[in-house]
Amino acid sequence: MNVKLQIESGYDKREVAVDNEISIGRSDASDIVLGDGGLSRKNTSFFLDEGELFVADENSLNGTILNGEKISGARQLRSGDVIKIGSQTTIRVQIGDAAPSYASSTPAVNTQTPNVQTAVNPAPASVPISSNQVTQPKGPPIMLIAAGAMTVFILLLGAVALIAVAYSGRGNSNGGGTATPPPIQAGALIPVRVIDPLGGEDEDDLDDLIASWEVAEEELKTDSVADITGGVTTDDKELNVSAAFIDERKKKALEPRPGEAGIRPAGLNVPTELCGDGVIKQKAKLASMIVGSNPYRQPMDFAELAEKRLKKELIEMPGATNSFYLDVGGSAQDKPFSSFSFKDGIADIQAGSPKYDILSKLASNFAGQKYDLNNPVDRKQMRMRLLRMFQPRAKPILKELAEAYFGKFGRPLRVTSLTRSMDYQILLNATNANSFKVRGEGSLPPHTSGCAFDLARKHMPADEQNFVMAKLAEMERAGKLDALIEYGVNACFHVFIYWDGKPPNM
């Protein structure tokens, strides 16, 4: 039986054959791993049973949508069926040379498990068709038109629901319209996510921690970036970067080159340093940041990021140099700034409030450039720049890595994440905002600490990835950093530097 699945997910397009059973998800628990942050570890399975193809949802959080209908258990498929999973993955079914039916599938007899033993076969033409069975339409495509209209209606409802959830918890000064916030312990400094919105999180697995907290941003559109020209001091001058230069560096980083690229290209050679004890090391250093007389406080919103910049706790990096470019801030909004706390949720920042004063101070002199807090374009540019910051000790480490890579291959490293505020992280997880909870004063996610950055790798062939990994392993042995290779959602090299310059005592 010739069965193929045509999969489109972000930049990933592929066609796979179903010979027996395959699963799709965001982690190595699945046969097909996709970089879609909305997928569960093992999201959906496809399997053959008595010559028929079935799809089964694996108890995923966001579900499996078959021809516009969310399914449970297993459902029989026909050629032309369309399945949507995660937040950006579409799968089209092709069975033999059959013409696409675009009909909803008939339920399988056993809807509790993907290991269905009894298949449901289509009714013969002479048998009356019941209300839960569908046949190919003949004559004028009335049913197709109706189905298309219903699909559009469902999609519109889904979009409205997503927007409503994304803004759940957004309140005002009198508390009206504010959703019930997740519980929080009084005095807790650092939140720890204890519910994985992607499904099946292991709290001791840093791959899971990063995958769930560090949802990928939208790719940076360089036509939305403004030139920076205001810097006059030595440190600020390096921030004077034009949008055209960032665009040129982006194109150079992503240009086609020989060799297989991807998450697991042939010839990938992962050093032990990048798949070893990173969970223990990073947890130990993150935990050490929140103790003592001056504990680190995680930035909960952009005003707190601005405060850390004014105090020089975090420093801004240029949008691009010859050796790297920052693909960060692609999801930055132009709305008025808001405050966030787990206790009170999201609220507008009012003029004259302490947080408004902090933002105003930075806007009046942002490394020599002025911004207007009442201008949506300026607010977006400020957000982009605040997302380009991290801990001062990380700057020379990123430069060393980038310059080594540039010297070898003549193209810039693509950096996809630096420091994020909590409200920005929740924006990226908008469909699961209430999954964020607090448990005492546990450790903090790596990217909210200002000590981590990610290097994209899916666009690199194996020789480039191996070179970067060898350099990271060398720097890890020298006690400069801890590095991990990430698969699935992020498919990056996750780099963590030690905030005090000292590796943990293990």
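## A walk from helix α7 to a five-stranded sheet

Let's start with helix α7: its face turned away from the buried side carries the exposed residues Pro354 and Lys361. Here exposed means over 50% relative accessible area, buried means under 20%, and partly exposed is in between (1.4 Å probe, protein chains only). Helices (H or I, at least four residues) and strands (E, at least two) are DSSP runs, numbered from the N terminus. Keep in mind that this is a predicted model, where local features need pLDDT of at least 70 and side-chain atom pairs count only at pLDDT 80 or more, while totals for chains, interfaces and linings use all residues. Residues are numbered from 1 along each chain as its sequence is written, and side-chain values use heavy atoms, with hydrogens and water left out.

Now turn α7 (residues 354-364) around: Ile358, Leu359, Leu362 and Ala363 are buried. Why do they sit on the same side of α7? Because they cover an arc of only 130° around the axis, going by the directions from the helix axis to the C-beta atoms. An α-helix has 3.6 residues a turn, so residues three or four places apart point the same way. The cover over the buried residues of α7 includes α6 (302-310) and α8 (376-386).

Next, the sheet. Five strands form an open sheet in the order β14-β18-β19-β21-β20, with mixed pairing; two strands pair if DSSP finds at least two bridges between them. β14 (324-326) and β20 (481-485) stand at the edges with a single partner strand each, so one side of each has no neighbour in the sheet. From one strand to the next, the twist averages 30°. β14 pairs with β18 (residues 413-417) in the parallel sense over three bridges, and phenylalanine 324 has leucine 413 as its bridge partner in β18.

Helix α9 (residues 394-409) packs on this sheet, touching β14, β18, β19 (452-456), β20 and β21 (492-497). Contact means heavy atoms within 4.5 Å. The direction of α9 makes about 15° with that of β19; axes are lines fitted to C-alpha atoms, for helices over the stretch in contact, and angles run from 0 to 180 degrees between N-to-C directions.

So what about the inside? The largest nonpolar core has 37 residues, and Leu413, Phe453, Leu455 and Leu472 touch the most other members. Such a core is a set of buried Ala, Val, Leu, Ile, Met, Phe, Trp, Tyr and Cys residues joined through side-chain atoms within 4.5 Å. α9 gives the most to this core, with seven residues.
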